[in-house]
Amino acid sequence: NNINITERIREIATLKLMGFYSNETGAYVTRENLLLVLMGYAAGIPLGFALHRFVMAQIEMDIVTYDVRIAWPSFFYALGFVLLFSLIVDVIMRGKIEQIDMTESLKSIE
């Protein structure tokens with residue numbers, strides 16, 4: 001989220017200069033980050049499942065075998081924690097969006 005805001009400081013400053021309110025620019029960044037979180041979750045669940053299977057296969061011994069099973073509520077807990085953490089970070093970063101100086105950001109040379 002921090003990198004997203006830092007890299008797009010001119011774009012956010014332009015939106016603020018065009019008359020967008022702080023809540024509107026914050027919602028704009030929050031929606032984008034939420035979309036990125038959901039795409040990461042969609043890609044991460046199958047990859048995490050494959051990694052879990054691999055790790056469980058590597059630690060298998062002759063005497064002990066482990067059941068390679070992940071309970072369905074774990075997927076919902078993971079999504080809930082990821083969304084909660086993302087929303088907390090978005091709330092914290094709203095302050096950074098509000099502190100963007102429009103004139104200085106637009107004057108800077110990239």
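Is Thr-25 buried or exposed? I checked that before anything else: Thr-25 is buried, at a relative accessible area of 2%. For my own record, buried means under 20% relative accessible area, exposed means over 50%, and partly exposed is in between, with a 1.4 Å probe and protein chains only.

**Ground rules.** I'm working with a predicted model, where local features need pLDDT of at least 70, side-chain atom pairs count only at pLDDT 80 or more, and totals for chains, interfaces and linings use all residues. Residues are numbered from 1 along each chain as its sequence is written, and side-chain values use heavy atoms, with hydrogens and water left out.

**Overall layout.** I looked up the secondary structure and got 5 helices and 0 strands. Read from the N terminus, the order is α-α-α-α-α. Helices here are DSSP runs (H or I, at least four residues), strands are E runs of at least two, and both are numbered from the N terminus.

**Overall dimensions.** Next I pulled the radius of gyration, which is 21 Å, against a value near 13 Å for a compact globule of 110 residues. That radius is taken over C-alpha atoms, and the globule rule is 2.2 Å times the number of residues to the power 0.38. The C-alpha trace spans about 70 × 30 × 20 Å along the principal axes. I also noted that 19% of the 110 residues count as buried.

**Contacts by sequence separation.** Taking contacts between residues at least 6 apart in sequence, I find that 78% join residues at least 24 apart. Contact means heavy atoms within 4.5 Å.

**Helix 2 against helix 3.** I wanted the packing of helix 2 (residues 9-17) on helix 3 (residues 22-58): the angle is about 145 degrees and the axes are 9 Å apart. The axes are lines fitted to C-alpha atoms, for helices over the stretch in contact, and angles run from 0 to 180 degrees between N-to-C directions. On the helix 2 side I listed Glu-11, Ile-12, Leu-15 and Lys-16, and on the helix 3 side Thr-25, Tyr-28 and Val-29. Sorted by class, that contact has 4 nonpolar, 1 polar and 2 charged residues. The classes are Ala, Val, Leu, Ile, Met, Phe, Trp, Tyr, Cys and Pro as nonpolar, Asp, Glu, Lys and Arg as charged, and the others, Gly among them, as polar.

**Helix 2 alone.** Which residues of helix 2 are buried? I got Ile-12, Ala-13, Leu-15 and Lys-16. Viewed down the axis of helix 2, these buried residues fall within an arc of 160 degrees, so they line one face of the helix. The arc is that of the directions from the helix axis to the C-beta atoms. After helix 2 comes Gly-19, with a positive phi near 110 degrees.

**Back to Thr-25.** Thr-25 sits in helix 3. Setting aside neighbours within four places in sequence, I see Thr-25 touching Leu-15, Lys-16, Phe-20 and Ile-97.

**Helix 1.** Ile-5 is in helix 1 and counts as buried, at 1% relative accessibility. What does Ile-5 contact, leaving aside its neighbours within four places in sequence? My list reads Ile-12, Val-29, Met-93, Lys-96, Ile-97 and Ile-100. From Ile-5 to Asp-67, 62 residues along the chain, the C-alpha atoms are separated by 43 Å. Thr-6 is also in helix 1 (residues 2-7), but Thr-6 is partly exposed, at 43% relative accessibility. Thr-6 and Ile-97 are 91 residues apart along the chain, and I get 9.4 Å between their C-alpha atoms.

**Two exposed spots.** Met-18 is in the loop between helix 2 and helix 3, and I have it as exposed, with a relative accessible area of 60%. Met-18 to Leu-36 is 18 residues in sequence and 26 Å in space, C-alpha to C-alpha. Asn-23 lies in helix 3 and counts as exposed, at 58% relative accessibility. The C-alpha atoms of Asn-23 and Gly-95 are separated by 11 Å, with the two positions 72 residues apart along the chain.
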